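Reader: I am in my first year and still learning how to read a model like this one. Could you take me slowly through a single part of it, in connected sentences?

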Amino acid sequence: MRTKYGSPDVLELREIDRPDPKDNQVLVKVHAVSVNPLDWHVLRGEPFLVRLMGFGLLKPKHQILGADIAGRVEAIGKNVTQFKVDDEVFGSGMGGFAEYACVSQNRLVLKPTAMTFEQAAAVPVAGLTALQALRDHGRLQSGQHVLINGASGGVGTFAVQIAKALGAQVIGVCSGRNVEMVRSIGADHVIDYTKEEFWRSEKKFDLIVDNAAFQSIGKPLRVLKATGIYVGVGGSSSTLSFLQSLIVNPLIARMKGRKVVSFMANVKQADLVSIKELLEAGKVVPVIDRKYALSETPEAIRYVEKGHARGKVIITI
């Protein structure tokens, strides 16, 4: 937990009282939780606009971070009807970097029986972001061509697999060390950005999902069809870069006659169910880079901050 904004150094491992679930909440005994860029943005309070999004202006509202949770139901609030004690669940709340966390029942679903808790914890934020980027904002249709920049990261590995499940032709962009991994999860073609600049391609795409959307989109738009959509995901801790994706990029797109969307994932139980069905059908398999113990949470966040994780980083409880 933490009491102020700052680097991972402000995190302390403490023993506190077990939380009690509210009427519509489930108390989850946490088995695993994943680390997202969201965690270090909220940890640092950067960019500053993050603080204006309900996370606390001067002091952090949430002392315990960790949005992706997988575990077993320990207790339920009096209005909970969807779950019972001992159910194995996964979903998204806040407070997962702990042995117990309270989560609203409408932000959880039952864990697929064949999946481990570590695999389930990898899914919520990254999986929902990928699904909503492709299906809702990108309006991806079967047979269309989609380019996924940052295909080897947390969101990217889910985006490649979900796009294939939706019937698309998928081109992934990543570094050379990740080319074979991205190809193994279903990409039809993989571009090594250290050797080839994807925006110089003569091929045009129906959809670009850019997991490095804090940069200028002038170059990516060169390979987007006139009827295509550019969906920006992610960002840096720089306020200027944040404003670049929020204001400057849409202006560039308008001048070029292209549609640009930037968004943050919305936790919807129905979408968690959709991803669960893809998991159960074997069409999506979480990619896990490495695992840490709860006491190593600061190190896990530092690793994710570097931006080179292959898939997801998991904390096991």
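How many aromatic pairs does a search of the whole structure find? And once that is settled, which strands form the open sheet, and in what order do they stand? That sheet is the part I would like to see closely.

Author: Please keep in mind throughout that this is a predicted model. A search of the whole structure finds 0 aromatic pairs, although aromatic rings do appear beneath charged groups: arginine 18 lies over the face of tyrosine 100, at 5.4 Å from the ring centre, and the charged end of lysine 111 sits over the ring of phenylalanine 117, 5.0 Å from its centre. The search for disulfides likewise gives 0 for the whole structure.

Now to the sheet, which is open and is built from 6 strands in the order β8-β7-β6-β9-β10-β11, with parallel pairing. At its edges stand β8 (189-192) and β11, and because each has a single partner strand, one side of each is left without a neighbour in the sheet. Neighbouring strands of this sheet are turned against each other by 15° on average, if direction is ignored.

It helps to begin at the β8 edge, where strand β7 (residues 169-174) runs parallel to β8 and is joined to β8 by 4 bridges. Within this pair, glycine 172 stands opposite valine 190 in β8. The residue numbered 174 is a cysteine, and cysteine 174 counts as buried because its relative accessibility is 1%, where buried means under 20%.

If you now look at β6 (145-149) and β7 together, you will find helix α4 lying across them, running at about 170° to β6. Helix α4 covers residues 154-165 and contains glycine 156, which is buried, with a relative accessible area of 1%. When its neighbours within four places in sequence are left aside, glycine 156 is in contact with Ile148, Gly150, Ala151 and Asn211. By contrast with these contacts, you may compare a separation along the chain: glycine 156 and alanine 120 are 36 residues apart, and their C-alpha atoms are separated by 17 Å.

Let us move on towards the β11 edge, where strand β9 (residues 205-210) pairs with strand β10 (residues 224-232) in the parallel sense over 5 bridges. Aspartate 210 stands opposite glycine 232 in β10. In the loop between β9 and β10 lies lysine 219, which counts as partly exposed at 41% relative accessibility. The C-alpha atoms of lysine 219 and arginine 200 are 8.3 Å apart in space, while these two residues are 19 residues apart in sequence.

Finally, β10 also pairs with strand β11 (residues 259-262), again in the parallel sense, over 4 bridges. Here the bridge partner of isoleucine 229 is lysine 259 in β11, and with this pair we have reached the edge formed by β11, which, like β8, has a single partner strand. As you follow each strand by eye, it is useful to remember that in a regular strand the side chains alternate between the two faces of the sheet.

Technical notes:
Residues are numbered from 1 along each chain as its sequence is written. This is a predicted model: local features need pLDDT of at least 70, side-chain atom pairs count only at pLDDT 80 or more; totals for chains, interfaces and linings use all residues. Side-chain values use heavy atoms; hydrogens and water are left out. A disulfide is a pair of cysteine sulfur atoms within 2.5 Å. Buried means under 20% relative accessible area, exposed over 50%, partly exposed in between (1.4 Å probe, protein chains only). Two strands pair if DSSP finds at least two bridges between them. Helices (H or I, at least four residues) and strands (E, at least two) are DSSP runs, numbered from the N terminus. Contact means heavy atoms within 4.5 Å. Axes are lines fitted to C-alpha atoms, for helices over the stretch in contact, and angles run from 0 to 180 degrees between N-to-C directions. Rings of Phe, Tyr and Trp (its six-membered ring) pair if their centres lie within 6.5 Å; planes under 30 degrees apart count as stacked, over 60 as edge-to-face and the rest as tilted. A charge sits over a ring if NZ of Lys or CZ of Arg is within 6 Å of the ring centre and within 35 degrees of the ring normal.
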